[in-house]
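User: I would like a close look at one part of this protein, with some of the surroundings added afterwards. Please keep the wording plain.

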Amino acid sequence: MFTHPADDPDHPDYRGPGSWARLPGITTEIDRWCRTLRVLEPADNAWEAQTRIRALEELASATAAAQAREAVVFHTHRQREDAANDVPTREQGKYAGNEIALAKRVSPSTGRKFLSTSKAVINDLPRTYEALAAGSISEAKARIIADETAWLTPEERLFVDEELKDRASVAGSRRLRTEARSLAANVSSDNAHERAEAASTGRHVSLQALNNGMAQLSATLPLQQAVAAYENLEAAAAERKLDGLDFDRTRNQLMADVLVERLTGQGSASDVPTEVHVVMEAESLFSDGQVPAWIPSYGPLPVKTARNFLAANQARTFIRRMFTSPDTGQLVGMDSRRRTFGGLLRRMVVFRDDLCRTPWCDAPIRHADHVAPVAGGGETTWSNASGLCAACNYAKEHPGWKHKATVDDLTVSTPTGEEYETATPPFVTKFGDLKRDQPTRDHPSRGQPNRRKPGNDDGDEEPPAGETADDILDFPDRSPAEELFEDLILRDTG
């Protein structure tokens with residue numbers, strides 16, 4: 001059974017950052033090269049600098065080829081070990097990509113994508129692999145060829161790979177993608193309709209936060225549906241212009257506003273309903289604080305924009321007080337008497353973790369999960385809660401995986417015994433929150449929080465709809481802004 005490694009880098013069992021360099025064989029040589037490159041003196045002239053850049057690019061390509069090969073081998077080993085542990089066949093090696101992601105310090109979805117691309121390059125695209133290992137193409141180009149031939153049979157993929165052997169190294173990335181896509185369509189033109197039907201199952205909507213309080217809402221749809229939706233928005237915008245209802249908005253602005261109104265059922269695009277949670281510090285909400293507001297799972301919103309939104313919004317708006325630690329900026333929590341995380345406790349877990357808690361995973365939270373399983377004695381408590389995406393939660397239940405958590409951090413152990421730790425981020429990101437050993441300037445230490453229970457003297461007060469009468473942590477001393485904040489808890493300000 002795996003035991004946790006020592007924290008001391010000098011301990012022989014240490015398995016923290018850089019511990020791989022102690023392994024015998026090629027890893028020692030790789031470590032030597034890493035140390036050489038870290039202290040490499042700059043080139044003496046432009047020619048030497050350019051030569052080094054090209055040599056390092058070839059080294060990066062060769063490294064990518066070796067890494068792809070090792071990923072495929074790792075998957076094979078994981079399948080064999082899972083089979084030896086009587087894991088069902090459909091589950092064998094299923095979460096190898098998640099382990100690879102931790103080793104690469106990327107999200108689980110990126111790790112799984114890297115594994116699938118590696119298997120394609122190693123098993124089905126020998127010419128692409130040779131060019132990558134030789135340093136004549138980049139990892140990005142190899143990924144393009146793998147992506148554009150993903151739906152082909154192995155035989156068809158091999159044909160396209162052979163045709164591109166002389167083009168991959170000389171074509172630009174965009175041109176290479178076009179040529180690979182054209183060859184793939186040419187070699188497999190008989191089942192175009194079936195492919196289109198299969199592709200339609202991948203229709204989806206996504207949201208990406210942008211700068212300056214903006215975001216991009218995207219929909220991937222069958223072409224005829226996308227054209228119909230776009231033309232309908234165009235027609236609605238043109239009609240408003242013809243009716244003389246909107247002289248101050250451009251056609252694109254009108255189309256965007258009509259889209260929001262039709263999707264949400266609002267009378268105006270600016271009337272955002274209460275289901276959109278906006279997190280703000282009291283000083284930023286009621287005074288002239290400069291810390292940006294925060295929309296959980298999506299990111300910052302300029303503080304003045306958030307204040308104007310709350311003041312001018314015609315939809316119903318509620319304000320709820322939450323408390324954070326003055327030292328870490330982390331949300332102070334509560335416990336529940338239920339077996340599952342629900343109501344206000346689940347919402348607070350989502351607010352606290354913001355995105356999936358697994359190291360380097362940026363996926364939205366789908367599950368509020370018990371770190372220590374209920375079957376093993378785990379309780380529905382603030383300290384035993386983790387906000388995880390569905391994929392990471394399922395991976396956690398796979399044999400050999402283990403999560404250990406406190407309110408402050410999460411440690412993930414993989415079947416190989418590697419450990420990866422991540423700290424709980426501050427509730428609102430601001431200057432000073434990263435300096436954990438220093439109290440914030442506006443809020444000196446207030447001592448330990450006091451615990452109280454909401455409700456009447458009998459403790460039987462009914463909680464708000466959809467929430468539970470949970471324990472709440474409160475601080476004894478409050479700033480004037482926080483006292484005002486308390487007076488407005490759950491008050492309708494619409």
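Is C389 buried or exposed, and what is its relative accessible area? Please start there, and then go on to the cysteines around it and to other parts of the chain.

Analyst: This is a predicted model, and what follows is computed from it. C389 is buried, because its relative accessible area is 7%, and the cut-off for buried is under 20%.

The next point is whether C389 is bonded to another cysteine. The closest cysteine sulfur to that of C389 belongs to C392, at 3.5 Å. A disulfide needs the two sulfur atoms within 2.5 Å, so the 3.5 Å between C389 and C392 is too far for a bond.

C356 can be treated in the same way. Its relative accessible area is 5%, so C356 is buried. For the sulfur of C356, the closest cysteine sulfur is again in C392. The distance here is 3.7 Å, and therefore too far for a bond. C392 is thus the closest partner by sulfur for C356 and also for C389, without a bond in either case. A search of the whole structure agrees with this, as zero disulfides are found.

Now to the wider setting. The protein has 494 residues, and 35% of them are buried. Its secondary structure consists of 16 helices and 11 strands. Among contacts with a separation of 6 or more, 56% are between residues 24 or more positions apart.

Another buried residue is T117, with a relative accessible area of 12%. T117 is part of helix α4, which covers residues 108-123. Once neighbours within four places in sequence are set aside, T117 is in contact with R143, A146 and D147.

Finally, a pair of helices can be described. Helix α2 spans residues 46-84 and helix α3 spans residues 96-104. Their axes are 10 Å apart, and the helices pack at an angle of about 140°. Because of that angle, α2 is oblique to α3. The crossing of α2 past α3 is right-handed. On the α2 side, the contact is made by Q67, A71, F74, H75 and R78. On the α3 side, A96, E99, I100 and K104 take part. By type, the residues of this contact are four nonpolar, two polar and three charged.

To return to the starting point, C389 is buried at 7% relative accessible area, and its sulfur is 3.5 Å from that of C392, too far for a bond.

Definitions and conventions: Residues numbered from 1 in each chain as written. Predicted model: local features only at pLDDT ≥ 70, side-chain atom pairs only at ≥ 80, totals over all residues. Heavy atoms only, no water. Axes fitted to C-alpha atoms, helices over the stretch in contact; angles between N-to-C directions. Helix = DSSP H or I, 4+ residues; strand = E, 2+ residues; numbered from the N terminus. Parallel < 35°, antiparallel > 145°, perpendicular 65-115°, else oblique. Left-handed = near helix turned anticlockwise from the far one by under 90°. Contact = heavy atoms within 4.5 Å. Nonpolar A, V, L, I, M, F, W, Y, C, P; charged D, E, K, R; others polar. Buried < 20%, exposed > 50% of the residue type's maximum accessible area, 1.4 Å probe, protein only.
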